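This report describes selected local features of one protein model, beginning with a helix and moving on to enclosed space, single residues and backbone geometry.

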Amino acid sequence: MNNHNFVHLISSYTDEDSRWMKVAINYGLRNVGFTGKNPCVGCVIVKNNELCGFGTTSPGGRPHAEENALKFAGEKSKGAVLYVTLEPCAHYERFIPCMEKIVQASIKRVVIACLDPDKRTNGKAVKYLLEKNISVSLGCEEFKALELIQGFIKRLNFKRPYIKSKIASSLDSKISLSNGISKWITGTNARKFIHLYRLRSDGILTGVNTVNDDNPTLNCRIKGLKKYSPHVFILDSKLKINIKSKILNRKNISIFTTVFFNKKKEKILRNKGINVILVKHNKNNQVLLKEVIKKLYEEKINNLFIEAGSDINSSLIKENLIDEIILCRSGRIFGNDGRSIVNNLNIKEIKHSKKFFFKDSFTLDEDIIENWVFKE
């Protein structure tokens, strides 16, 4: 986060502050993927070492976490300590910014995990609170809090979403048999677990071959949460999609295509309420991925989840566009004729290889779920 000349005025934080900030982070985790273009934030209010208010960013992005927590605490906010995972907003739009609401509530101290990367706020709220004689501590559990807003940061700083790719593979790193059959590589619970990632994403990106071969719905089928299924974006350069695909019966479906699209099929798709988006193509007459990513940025997609085959994953890896891989690995062996996780990347030297770093893993029944993070 950016440095500011007022940082030396900010008080340190204690072990007790870290404990309460972890509570705020856990509250924030509840709404990741639900807050639209806005970052997901957690907030708790503590007085006399007792929790008297808590809140997260509401679905759709408003009200903010601080406003929800202050409303919950009511009069108990006076003289209390407010813990928030992201610097309170400072910009004036249709709403009074959270920094003012904190002052109005007579909060005596604010503990902030990280500064807001949004230029409209970055550092301004901290400065404002200090000027109002409110004690501020900055940096408490910053690393953990940043994970809450990694998509928001990526969109603001790099003009693209934070991209995670789910890959289900055999023990020998194959995503299907040679004939394309892939159901099912992993067990039932591993597949159910992926629905949580869908839930925590603003959009899912897949390819027409995955749609036509597997006929997925790509929704969140956790009981009571289906309505929160994210928007699905399909790459289909020539509109080869099977009109009878189950996914076309869903809401919030967009298809990226090129000038080589099937005009007759386009009319059918539009009549079904499908959003068909024309983008530039590459030298192979396929959808230009960078153009798609640009469109998703313009749509303010913070967190994008990839559920696609080796062609799309390989293209994204080549362009250094995958930030994290969720590798669901089973104990099955498919053999050398199976389809690999990635295609030819044309790498001639080890030093030019794409390197991902191990983050964590756990077992789920007979499968292993691994998280790998890309670092340039």
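A residue is called buried when its relative accessible area is under 20%, exposed when it is over 50%, and partly exposed in between, with a 1.4 Å probe and protein chains only. The model is predicted, so local features need pLDDT of at least 70 and side-chain atom pairs count only at pLDDT 80 or more, while totals for chains, interfaces and linings use all residues. Residues are numbered from 1 along each chain as its sequence is written, and side-chain values use heavy atoms, with hydrogens and water left out.

Helices (H or I, at least four residues) and strands (E, at least two) are DSSP runs numbered from the N terminus. In helix α9, residues 263-271, the buried residues are K265, E266 and L269. These residues lie on the same side of α9 because they cover an arc of only 105 degrees around the axis, the arc being that of the directions from the helix axis to the C-beta atoms. K263, K264, K267 and N271 are exposed on the other side of α9. The cover over the buried residues of α9 includes β10 (253-257) and β11 (275-278). At the N-terminal end, N262 caps α9 through a side-chain oxygen that lies 3.1 Å from the backbone nitrogen of K264; a polar contact is a pair of N or O atoms within 3.5 Å, where, within protein, one must be able to donate a hydrogen and the other to accept it, and residues adjacent in sequence count only if both atoms are side-chain atoms. After α9 comes G273, with a positive phi near 90 degrees.

Enclosed and open spaces are found on a 1 Å grid over the protein atoms alone: a cavity is a set of points where a 1.4 Å probe fits but cannot get out, a pocket is an open set with protein on both sides within 12 Å along at least five of seven lines, and lining residues have an atom within 4 Å of a point. The largest cavity is lined by 15 residues, with T35, N38, C40, N302 and N303 nearest its centre, and helix α6 (residues 150-158) gives the most to this lining, with three residues. The second largest pocket has 25 lining residues, of which K154, Y162, D323, V373 and F374 are the closest to its centre.

T210 belongs to helix α8 (residues 208-214) and is buried, at 17% relative accessible area. A polar atom of the T210 side chain lies 3.5 Å from the backbone nitrogen of G309. With residues up to four places away in sequence not counted, T210 touches N215, P216, E307, A308 and G309, contact meaning heavy atoms within 4.5 Å.

Two peptide bonds are cis: one joins R62 and P63, with omega about -5 degrees, and the other runs from K183 to W184, with omega near -10 degrees. P63 is in the loop between β2 (50-56) and α2 (65-73), and W184 is in the loop between β7 (174-176) and α7 (188-199).

Positive phi values also occur at two residues that are not glycine, both in the loop between β1 and β2.

| Residue | Phi | Relative accessible area |
|---|---|---|
| N48 | near 55 degrees | 70%, exposed |
| N49 | about 65 degrees | 46%, partly exposed |
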